Amino acid sequence: MLNSIATLVAEAGEGTISALAQRQEALQDEISVEDVRKKMAGHLEVMRASVEEGMQPSLHSLSGLSGGQAPRLEEAVKEGRTFGGELIGMASARALAIAECNACMGRIVAAPTAGSCGILPAALLTAQEVYGCDDDHLIDALFTAAVVGQVIADRATVSGAEGGCQAECGSAAAMAAAALVELRGGTPDMAAQACSFALMNSMGLVCDPVGGLVEVPCVYRNVSGVTNAITAADMALAGIRCPIPTDEVIDAMRDVGQYLPACLRETGEGGVAATETGQAIARKLAQM
Amino acid sequence: MDMEMHLFDVIGPVMIGPSSSHTAGACRIGRTAMRLLGEDVKTADIAFCGSFASTYRGHGTDRAVVGGLMNFHTYDERLRSSLHIAAERGMDVHFSTVNLKNAHPNTVRLRLTGVTGRNIEVVGASVGGGAIEIRQIDGLNVSITARKHTLIIVQNDEPGMVANVIMLLSSAHVNIATMNLSRSNAGGQAIMCMELDDLPPEPIVDALRVMRGIIRVTLLKKLG
């Protein structure tokens, strides 16, 4: 059982975390590594389709709170009007697109959850666009992300109701950060460092959905999640080490989740959900 | 955490948004209830409880349940327009909210009538990440996750019933993974749910159906 990031790094050795993850999954499901990869390739195609759907300007959610915002950001990037340049800009636009696709009852891949589904695919698809890596490498990176997520789920939680948004968007960012490191040729240890940074930098993030819906702030948290992943990966790839080991950061995230009062764990009763405007929106939604 | 967590539980499932619990889980409860009914649904009285009651419209929980009642998968894009599709198919759907005592926050009660007039009442909870648990069938307490093939047997509450069923299954080398049993009142009706590792052979299920004291046998195949 791969239940710590330290084990992942040790067992990956001179190889990659993704190769280790694929072998483990094939063994567990009693199928070939090739079939395991095929399944992940299918997920990658769904992720692409979610971006496309989320980029439709006419998209809107049942509540009317989200939809159509991603193409605006994409346009700003294309016109060179963003601070973040192409990589951050397009990763943000894609994260927004997938998260809005989800909010509007589109088809998505939970990664690790539906509410945080934009972060990992936005990071990988944008890296592919900017650095030109092929799908095989993206599939490898998805396995790295998956096994990192598995360790987090095993030691802590990836559920907002249990651990707040740090457990959803924070975990997604940690998964994406490790995946990006591997995609850019970093070592398993660098992937672990990136995971630490991303999770540490979202420590304490609360789950405060307005009206209880997966829209505000969830859609925008996917954008901050992908930028968190990119900066965490950059620090790790530059050789910066996180002073706190990854497994200890994960355990701290679990503990912080347990300290959070119920009103900050997906109940829609705290944070931005509890603001005057958040409450007004919730009342309006209840009368829909 | 669940020790059987797989990588594709982390990257996955593929689903229609926005919520694994309020959309995907709701769809799976609908699908399971439809399979428990065993025929196409003619009328559905759908009562939402707890968080489902307060947010079902915004999460598309209503559409997801109705899509599930038409056997749509959690990733089927028709979930979005399931209410229209149901109307076109002549399915009569009614929504309400209800308070059920001690219910999980994401609970729905389904009262279904099938095309041949068969009725069933199912209470299901969406317990997180798209996982579900059917908690009641026709007022009898059960625990069905639909992650494995499940044999559901309604029988007279009398001595020896459970032993007879298990002996028959073991004769066919069917391994029972989990099992739960409950009853309405002593000497009344009892319900037995068994999660199985393998699909039992059809002749065994038929033999169960004609066994003395057994009222009804439903074989619920695991949800794909």
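## Exercises on a two-chain model

R107(A) stands opposite I16(B) in strand 1 of chain B. Keep that pair on screen as you start, and bear in mind that the model is predicted.

**Exercise 1. Find how strand 1 of chain A is joined to strand 1 of chain B, and describe the side of chain A that touches chain B.**

Step 1. Begin with the strands. Strand 1 of chain A and strand 1 of chain B, residues 14-16, run antiparallel and are joined by 3 bridges.

Step 2. Now widen the view to the whole interface. Here 40 residues of chain A are in contact with 29 residues of chain B.

Step 3. Ask which elements of chain A take part. Those giving two or more residues to the side that touches chain B are helix 2 (17-29), helix 3 (33-54), helix 5 (85-103), strand 1 (107-109), helix 7 (135-155) and helix 13 (276-286). Helix 7 of chain A gives the most, with 9 residues.

Step 4. Finish with composition. The residues on this side of chain A divide into 24 nonpolar, 11 polar and 5 charged.

**Exercise 2. Decide whether C117(A) is buried or exposed, and list what surrounds it.**

Step 1. Locate the residue. C117(A) sits in the loop between strand 1 and helix 6 (119-131) of chain A.

Step 2. Count neighbours. A residue is buried if 20 or more other C-beta atoms lie within 10 Å of its own. C117(A) has 31 other C-beta atoms within 10 Å, so C117(A) is buried.

Step 3. Name the contacts. Leaving aside neighbours within four places in sequence, C117(A) is in contact with I98(A), A99(A), N102(A), I108(A), V109(A), A110(A) and A111(A).

Step 4. For a check with your distance tool, try C117(A) and L8(A). These two are 109 residues apart along the chain, and their C-alpha atoms are separated by 24 Å.

**Exercise 3. Describe the largest nonpolar core and say which helix gives the most to this core.**

Step 1. Take the size. The largest nonpolar core has 153 residues, and those with the most contacts inside it are A123(A), A176(A), A177(A), A179(A), L180(A), A194(A) and A229(A).

Step 2. Find the main contributor. Helix 9 (residues 165-183) of chain A gives the most to this core, with 14 residues.

Step 3. Look for chain B. Domain 1 (15-138) and domain 2 (149-220) of chain B both give residues to this core, so the core lies between them. The C-alpha centres of these two domains are 26 Å apart.

Step 4. Zoom in on one residue. Not counting residues up to four places away in sequence, A179(A) touches L120(A), A123(A), L124(A), A141(A), L142(A), T144(A) and A145(A).

Step 5. Add the general background. In soluble globular proteins, nonpolar side chains tend to be buried together.

**Exercise 4. Work out the strand order of the 6-stranded sheet in chain B, and explain why one side of each edge strand is left without a neighbour.**

Step 1. Read the order: the 6 strands form an open sheet, 3-2-4-5-6-7, with mixed pairing.

Step 2. Go to the edges. Strand 3 (92-97) and strand 7 (140-144) of chain B each have a single partner strand, so one side of each is left without a neighbour in the sheet.

Step 3. Add the twist, which averages 20° from one strand to the next.

Step 4. Inspect one pair. Strand 6 (residues 131-137) and strand 7 of chain B pair in the antiparallel sense over 3 bridges, and I137(B) stands opposite L140(B) in strand 7.

Step 5. Place the helices. Helix 3 (residues 51-59) of chain B packs on the sheet, touching strand 2 (41-50), strand 3 and strand 4 (106-114), with its direction at about 115° to that of strand 2. Helix 4 (residues 61-69) of chain B lies across strand 2, strand 3 and strand 4, running at about 145° to strand 2.

**Exercise 5. Do likewise for the 4-stranded sheet of chain B.**

Step 1. This open sheet has the order 9-10-8-11, with antiparallel pairing.

Step 2. Strand 9 (176-183) and strand 11 (214-220) of chain B stand at the edges. The twist averages 15° from one strand to the next.

Step 3. Follow strand 8 (residues 149-156) of chain B, which pairs with strand 11 over 6 bridges. In strand 11, T150(B) has L220(B) as bridge partner, and Q155(B) has I214(B).

Step 4. Turn to strand 10 of chain B, joined to strand 8 by 8 bridges. There the bridge partner of I152(B) is C193(B).

Conventions. Residues are numbered from 1 along each chain as its sequence is written. Chains are lettered from A and ligands numbered from 1 in the order in which they are written. This is a predicted model: local features need pLDDT of at least 70, side-chain atom pairs count only at pLDDT 80 or more; totals for chains, interfaces and linings use all residues. A nonpolar core is a set of buried Ala, Val, Leu, Ile, Met, Phe, Trp, Tyr and Cys residues joined through C-beta atoms within 7 Å. A residue is buried if 20 or more other C-beta atoms lie within 10 Å of its own, exposed if 12 or fewer, and partly exposed in between; C-beta atoms are placed from the backbone. Domain bounds come from an automatic or database domain assignment. Two residues are in contact if their C-beta atoms, placed from the backbone, lie within 7 Å. Ala, Val, Leu, Ile, Met, Phe, Trp, Tyr, Cys and Pro count as nonpolar, Asp, Glu, Lys and Arg as charged, and the others, Gly among them, as polar. Two strands pair if DSSP finds at least two bridges between them. Axes are lines fitted to C-alpha atoms, for helices over the stretch in contact, and angles run from 0 to 180 degrees between N-to-C directions.
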